[in-house]
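I opened a fresh page to work through one protein by eye and by numbers. My plan was to start with the whole chain and then zoom in.

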Amino acid sequence: MKQNILVLGGNGKTGRRILQRLNKLGHHVRVGSRRETPAFDWHNPAAWPEVFDGMEKVYITYQPDLAVPGAKEAIAALTKVAQEKGIQKLVLLSGKGEVEAERCEQIVLDSGIDTTIIRASWFNQNFSESFFLEPIQQGVVALPKAHLKAPYVDANDLADAAVEVLLNEGHEGKIYELTGPRLLNFKEVIAEVAKASGRDLEFIPISLEAYVEGMKQQGIPGDVVWLMEYLFTEVLDNEDNQVVTNDIERLLGRKPTDFSEFAAKTAQTGIWNSAVPI
Ligand SMILES: NC(=O)c1ccc[n+]([C@@H]2O[C@H](COP(=O)([O-])OP(=O)(O)OC[C@H]3O[C@@H](n4cnc5c(N)ncnc54)[C@H](OP(=O)(O)O)[C@@H]3O)[C@@H](O)[C@H]2O)c1
């Protein structure tokens, strides 16, 4: 049966891929975006009821991160709208190893609506569609916490997992911890990107203080600097996150995508070979 599904962050890294999959299956999908009509903006709760009108299920990605001040209140308000609108299923994308995010998860789990949490580790696509892309294009990547390993997960696997839990029964009240199949540190990641793209990339390990100072000098807003520092300390430098899980295989019946496979496919798009002005 075709379902009415709202995908918040529908132009983002996971949302866009979920939309493609649901559209292909013929479901009625609404994109939650500031660019749509009705528009969805986390800063404009008054407009949320209209965006939820006629929807049965909602995929939630919060911006910029469930750990930031104000996220808990926003998630509580959104959950209330979902209750009022009779939403039958919520799927929340969360971050692995973030205490603040877990508080948001609990609000959604306690809502009385069937809820599934997908808790993800850092995405592969951060190196192709997000903050780590530009340094790669410039040829020099300087990052802190260089020795720490993370089980990078692919946004395509997250989208497959989200579609599975959105459409099928048996996932209610569950929390899935989604990781890739292998732990990699930044030096190893950049070596994978260099090999796949044929680029000569230089990796420079730096201190967190130097990284934060660099962001400030580039005029990056204070709340973004705060979030990046938080992610490097609380999330990356957290032993609980340096673990590979088998939840993707449990959910999808197949192995998660390895970083080298992601790198090979992404290299073919040419994105890592596009020069950006320094
Ligand atoms: N990236 C990771 O490694 C990672 C890992 C674990 C968990 N997560 C979680 O995943 C979520 C998404 O993070 P992401 O960085 O990967 O972003 P993303 O899904 O790529 O989302 C970017 C989208 O957010 C939308 N957006 C920005 N500000 C908004 C606002 N005020 N109201 C409504 N929409 C807004 C924009 O859509 P429009 O311009 O269309 O409005 C943009 O397309 C976050 O909650 C994050 O904590 C991320």
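These are my entries, from the overall picture down to single residues.

**Entry 1: the whole thing**

First note to self: this is a predicted model. I looked up the secondary structure and found 11 helices and 8 strands. Then I checked the extent of the C-alpha trace, and along the principal axes it spans about 55 × 40 × 35 Å.

Is the fold compact or stretched out? I compared the radius of gyration with the rule for a globule. A compact globule of 278 residues would come out near 19 Å, and the protein has 19 Å, so the two agree.

Next I looked at what is hidden and what shows. Buried residues account for 51% of the 278. The exposed surface comes to about 12900 Å², and carbon and sulfur atoms supply 49% of that. I also looked at contacts between residues at least 6 apart in sequence: 79% of them join residues at least 24 apart.

**Entry 2: the cores**

Which residues touch the most other members of the largest nonpolar core? I got Trp42, Phe186 and Phe232, out of 64 residues in that core. Helix H9 gives the largest share, with 8 residues. Apart from this core there is another one, of 25 residues, and I jotted down Ile5, Ile18, Val153 and Ala162 as being among them.

I picked Phe186 for a longer look. Not counting neighbours within four places in sequence, Phe186 is in contact with a long list of residues, including Trp122, Phe127, Phe132, Phe203 and Phe232. Leu143, Pro144, Lys145 and Ala146 are on that list too.

**Entry 3: helix H8**

I moved on to H8, which covers residues 208–217. Its buried residues are Leu208, Tyr211, Val212 and Met215. Why do I say they line one face? Looking down the axis of H8, I see that they fall within an arc of 95 degrees, so they sit on one side of the helix.

The face turned away from them carries Glu209 and Gln217, which are exposed. I also asked what covers the buried residues, and the cover includes strand E6 (140–143) and H9. After H8 comes Gly219, and its phi is positive, near 80 degrees.

**Entry 4: Gln3**

Gln3 is in the segment before strand E1 (4–8). Is Gln3 buried or exposed? Its relative accessibility is 15%, and the cut-off for buried is under 20%, so Gln3 counts as buried.

What does its side chain meet? I found a polar contact of 2.8 Å between the side chains of Gln3 and Lys57. Leaving out neighbours within four places in sequence, I listed its contacts as His27, His28, Glu56, Lys57, Leu166 and Leu167.

**Entry 5: Asn238**

My last stop was Asn238, in the loop between helix H9 (222–236) and helix H10 (247–252). At 16% relative accessibility, Asn238 counts as buried too.

Which residues does Asn238 contact, beyond neighbours within four places in sequence? Gly97 and Thr233 came up. Gly97 caught my eye: it is 141 residues away from Asn238 along the chain, yet their C-alpha atoms are separated by 7.3 Å. I also noted that a polar atom of the Asn238 side chain lies 3.2 Å from the backbone oxygen of Glu234.

Technical notes
Residues numbered from 1 in each chain as written. Predicted model: local features only at pLDDT ≥ 70, side-chain atom pairs only at ≥ 80, totals over all residues. Heavy atoms only, no water. Helix = DSSP H or I, 4+ residues; strand = E, 2+ residues; numbered from the N terminus. Buried < 20%, exposed > 50% of the residue type's maximum accessible area, 1.4 Å probe, protein only. Polar contact = N/O pair within 3.5 Å; in protein donor to acceptor, adjacent residues only side chain to side chain. Contact = heavy atoms within 4.5 Å. Arc of directions from axis to C-beta. Core = buried A, V, L, I, M, F, W, Y, C linked by side-chain atoms within 4.5 Å. Rg over C-alpha atoms; globule rule 2.2 N^0.38 Å. Areas by Shrake-Rupley, 256 points an atom, 1.4 Å probe, with all protein chains shown as cover.
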